[in-house]
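Colleague: Before I plan any bench work, I should like to go through this model with you. May I put some questions to you in turn?

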Amino acid sequence: MATIVAEQEPLSRIGNTPLVHIESLSNDKSTYLAKLEGHNPFGSVKDRAAYWMIKDAEARGILKKNKSTIIEPTSGNTGIALVGIARILGYEVEIVIPEKASEETKKILKKLGAKMYETSDDLCPKVGVGTEQSIALATSIASSRPDTYYSPNQYSNDANFEGHYTTTGPEIWRQTGGDITHFFTGVGTGGTITGIGTYLKEKNSKIQIIGCQPQMNHLIQGWRNFEESAKPDLFLKREDVVDDWINVTNDEAFGVVREIYDSDNLLVSPSSAAVYACMKKYDMPAGCAVGIFADDGRKFGSIYKARGIFTERQFNQATLSASHMSRLAY
């Protein structure tokens with residue numbers, strides 16, 4: 001019994017992530033806070049969606065232990081979360097991942113025991129051009145063996161929404177004491193922004209939900225630009241919850257990675273940096289803003305080195321000295 005409890009311990013650490021002050025943006029009239037989703041056991045906001053989708057499929061009898069294999073297209077975080085959580089619960093996972101995903105991400109997936117299908121750029125499930133094809137590829141594999149394969153399809157699965165409506169939204173409301181006035185996050189599947197946004201609007205309809213949108217041909221893994229990529233079904237169901245949009249370029253996002261480390265001692269991912277950049281440029285004279293920092297920067301050392309943000313030595317030092325680095329389950 002003790003062994004089983006120990007093996008499942010990471011699942012008890014999904015959610016209840018810290019909310020920390022962003023000192024570099026805050027002032028006498030405005031408070032800026034980061035929801036550090038990298039503190040989930042498998043390192044990202046996607047732990048919530050993955051866990052809710054698996055448990056929902058089990059409850060509906062779609063996913064069966066010792067019989068079902070999970071398959072999903074992903075640019076990284078969803079795959080890591082699915083593999084880590086599914087193996088604890090007794091399932092195998094196959095991942096469709098782009099060739100250009102970071103080497104660190106691929107190593108983590110291999111370490112966790114995932115079978116991977118690496119796709120060329122035209123099938124790349126980084127959210128942008130080609131996303132629909134990558135979903136089709138995973139769907140094709142799953143449909144070839146419906147008795148074996150189950151694809152959660154995070155882009156249309158309501159359990160993705162429910163995970164955030166049930167956990168992340170209430171956490172933010174509680175952690176801010178109901179003082180939140182603005183909420184910022186990027187949009188990939190739409191589960192995070194609609195789940196949290198719907199809950200917060202029910203608590204206070206005046207809270208502004210701000211969607212962060214990357215440029216076309218962007219490099220922010222997991223995000224969508226709606227000029228080049230269709231809106232996911234999950235997002236379309238509740239897109240009216242979004243009050244405003246703010247755009248962010250690749251240069252703006254990657255340009256603040258080092259700034260955040262130097263000013264706030266946080267080592268963040270490209271998508272977290274993009275949220276920070278959007279919060280920084282958004283006109284908020286007063287209030288309390290919360291941004292989703294989907295994961296930390298540990299998986300992106302090779303990318304940051306290639307872009308000249310950190311040398312290898314600087315990056316290694318940052319992983320040791322940065323504040324709020326989490327304990328991961330891999």
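Modeller: Certainly, and please bear in mind that this is a predicted model. Let us begin with Lys280, which is in contact with Leu25 and Glu259 once its neighbours within four places in sequence are left aside.

Colleague: In which helix does Lys280 lie?

Modeller: The contacts of Lys280 beyond its sequence neighbours include Glu259. Lys280 and His21 are 259 residues apart in sequence, and their C-alpha atoms are 14 Å apart in space. The element that holds Lys280 is helix H11.

Colleague: Is Lys280 buried, partly exposed or exposed?

Modeller: Buried means under 20% relative accessible area and exposed means over 50%. Lys280 has a relative accessible area of 45%, so this residue counts as partly exposed.

Colleague: How many of the twelve residues of H11 are buried?

Modeller: H11 covers residues 270-281 and reaches 17 Å from its first C-alpha to its last, close to the 16 Å expected. Its buried residues include Pro270, Val275, Tyr276, Cys278 and Met279. The helix is mostly covered, and the number of buried residues is ten.

Colleague: Which residue in the loop between helix H10 and H11 has a positive phi?

Modeller: Most residues other than glycine have a negative phi. In the loop between H10 (257-264) and H11, a residue other than glycine has phi near 60 degrees. With a relative accessibility of 24%, this residue is partly exposed. The residue is Asn265.

Colleague: Where does His324 lie, and what is its phi?

Modeller: His324 is found in the segment after helix H13 (312-321). Its relative accessible area is 43%, so His324 is partly exposed. Its phi is positive although the residue is not glycine, with a value near 60 degrees.

Colleague: Is Thr176 buried or exposed?

Modeller: Thr176 is located in the loop between H6 and strand E7 (182-186). Beyond its neighbours within four places in sequence, Thr176 is in contact with Leu19, Leu33, Cys288 and Val290. Its relative accessible area is 8%, and the cut-off for burial is under 20%, so Thr176 is buried.

Colleague: With which residues is Asp158 in contact, leaving aside its neighbours within four places in sequence?

Modeller: Asp158 belongs to helix H6 (residues 158-175) and is partly exposed, with a relative accessible area of 29%. Its C-alpha is separated by 26 Å from that of Asn247, 89 residues away along the chain. The contacts of Asp158 are Leu234, Lys237 and Arg238.

Colleague: Turning to the whole chain, why may it be called as compact as a globular protein of its length?

Modeller: The secondary structure comprises 13 helices and ten strands. For 330 residues the globule rule gives 20 Å; the chain is close to this and so is as compact as a globular protein of that length, its radius of gyration being 19 Å.

Colleague: What percentage of the residues in the chain is buried?

Modeller: The chain exposes about 13600 Å², of which carbon and sulfur atoms supply 48%. Among contacts between residues at least 6 apart in sequence, 71% join residues at least 24 apart. Of the 330 residues, the buried share is 58%.

Colleague: How far apart do the centres of the positive and negative side chains lie?

Modeller: The C-alpha trace spans about 60 × 50 × 45 Å along its principal axes. There are 36 positive and 40 negative side chains, and the centres of the two sets are separated by 4 Å.

Technical notes. Residues numbered from 1 in each chain as written. Predicted model: local features only at pLDDT ≥ 70, side-chain atom pairs only at ≥ 80, totals over all residues. Heavy atoms only, no water. Helix = DSSP H or I, 4+ residues; strand = E, 2+ residues; numbered from the N terminus. Rg over C-alpha atoms; globule rule 2.2 N^0.38 Å. Buried < 20%, exposed > 50% of the residue type's maximum accessible area, 1.4 Å probe, protein only. Contact = heavy atoms within 4.5 Å. Areas by Shrake-Rupley, 256 points an atom, 1.4 Å probe, with all protein chains shown as cover. Lys, Arg positive; Asp, Glu negative; His and termini not counted. Charge placed at Lys NZ, Arg CZ, Asp CG, Glu CD. Expected span 1.5 Å × (residues − 1).
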